[in-house]
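Work through the exercises below with the structure in view. Try each task before reading its solution.

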Amino acid sequence: MQCSVRLTWFYPVRPYVLSLIGYGGLDRIMQTIFLSAIYCFLPLVVFICCVSLLVKDYKIWKALLASLLGMLTVLPIAALQSTINGTKLLNLNGLFGILISAIVLNGLVEEFVKAALLFILPLRKDGEKKAKRDFFLCALTAGLALGCLESFVYLIAGTQRIGLRMVTAGVVHTFCSGLDGLFVYGVKSRDVHVLPLLLAILTHGIYNYFAGFGEGTPYFYISFVAILFAAIECRVRYTREY
């Protein structure tokens with residue numbers, strides 16, 4: 001089984017760029033990057049527009065700030081994963097070892113960083129219900145922004161089956177970030193519930209573990225169960241935690 005638990009969407013794109021140079025130079029490169037950006041970030045734009053239309057008092061600047069924070073998580077995530085990989089502490093063999101590596105590198109590292117940056121988002125002061133709603137929406141937006149950026153890197157790197165990867169990357173980051181947001185909101189409102197963060201870590205790690213089996217195996221589709229579980233837990237924790 002080939003199961004990568006590293007930051008696969010951060011792989012170098014140099015070979016693909018060099019191939020583009022051979023077929024049209026920098027103009028073709030810029031055109032490809034521009035079209036790829038539109039294609040990958042369209043879900044984020046649609047999501048923000050829909051939320052802005054459906055939630056009348058939701059501030060667009062919060063959505064933009066959340067999107068920026070979500071994309072900025074790439075840098076500390078890459079640094080931490082690279083550092084951990086460099087120590088070779090998680091060079092584990094066997095299925096169970098790979099599962100532990102996935103939970104630590106993809107689950108713990110990525111969700112910890114996302115949660116940490118969500119602390120930058122301010123809380124509304126005009127009611128607990130609106131404050132929770134806005135913070136949760138911002139957390140979802142941040143996760144979707146990271147998922148869109150991940151898809152963008154996949155696309156310009158020439159990754160195969162980009163359509164499926166765009167969907168799974170965006171959805172898992174969105175719902176796991178929503179769980180992170182519920183944890184951070186609890187901390188900010190002095191009503192701490194750790195379970196949403198733990199669920200985000202475990203769900204993300206399990207998703208990456210089964211996604212690593214490849215689409216030719218039945219185990220791959222268990223990753224979709226992990227995504228569905230994250231979506232359900234977002235709904236459950238949003239209505240029950242606070």
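**Exercise 1.** In this predicted model, find how far apart Lys 114 and Glu 111 are in helix H5, and decide whether each is buried or exposed.

*Solution.*
1. Locate helix H5, which spans residues 94–118. Lys 114 and Glu 111 are three residues apart there, so about one helical turn separates them.
2. Check the side chains. Those of Lys 114 and Glu 111 meet in a salt bridge, 3.0 Å from N to O.
3. Apply the cut-off: buried means under 20% relative accessible area. Lys 114 has 4%, so Lys 114 is buried. Glu 111 has 0%, so Glu 111 is buried too.

**Exercise 2.** Describe how helix H3 packs against helix H6: what is the angle, and how far apart are the axes?

*Solution.*
1. Start with the general approach. Two packed helices are described by the angle between their axes and the distance between those axes.
2. Take H3 as residues 60–72 and H6 as residues 128–156. The angle is about 45 degrees, and the axes lie 7 Å apart.
3. Classify the angle. This makes H3 oblique to H6.
4. Add the handedness: the crossing of H3 and H6 is right-handed.
5. List the contact residues. H3 brings Lys 62, Ala 63, Ala 66, Ser 67, Gly 70 and Met 71. H6 brings Asp 134, Cys 138, Thr 141, Ala 142, Ala 145, Leu 146 and Leu 149.
6. Sort them by class. The contact of H3 with H6 has eight nonpolar, three polar and two charged residues.

**Exercise 3.** Which parts of the chain does the salt bridge between Arg 133 and Asp 57 tie together?

*Solution.*
1. Recall the principle. Side chains of opposite charge can pair when their charged atoms come close.
2. Read the distance. The Arg 133 and Asp 57 side chains meet at 2.9 Å, N to O.
3. Place the partners. Arg 133 is in helix H6, and Asp 57 is in the loop between helix H2 (25–54) and H3, so the bridge ties together parts 76 residues apart in sequence.
4. Check the surroundings. Asp 57 is partly exposed, at 26% relative accessible area.

**Exercise 4.** Where do Asp 134 and Arg 124 lie, and which network includes them?

*Solution.*
1. Note the salt bridge between their side chains, 3.0 Å from N to O.
2. Asp 134 lies in helix H6 and Arg 124 in the loop between H5 and H6, so the pair ties together parts 10 residues apart in sequence.
3. Both Asp 134 and Arg 124 are buried.
4. Widen the view. A network of salt bridges links Asp 57, Lys 62, Arg 124, Asp 126, Lys 130, Arg 133 and Asp 134.
5. Finish with the total: the structure holds nine salt bridges.

Terms used
Residues numbered from 1 in each chain as written. Predicted model: local features only at pLDDT ≥ 70, side-chain atom pairs only at ≥ 80, totals over all residues. Heavy atoms only, no water. Axes fitted to C-alpha atoms, helices over the stretch in contact; angles between N-to-C directions. Helix = DSSP H or I, 4+ residues; strand = E, 2+ residues; numbered from the N terminus. Parallel < 35°, antiparallel > 145°, perpendicular 65-115°, else oblique. Left-handed = near helix turned anticlockwise from the far one by under 90°. Contact = heavy atoms within 4.5 Å. Nonpolar A, V, L, I, M, F, W, Y, C, P; charged D, E, K, R; others polar. Salt bridge = Lys/Arg side-chain N within 4 Å of Asp/Glu carboxyl O. Buried < 20%, exposed > 50% of the residue type's maximum accessible area, 1.4 Å probe, protein only.
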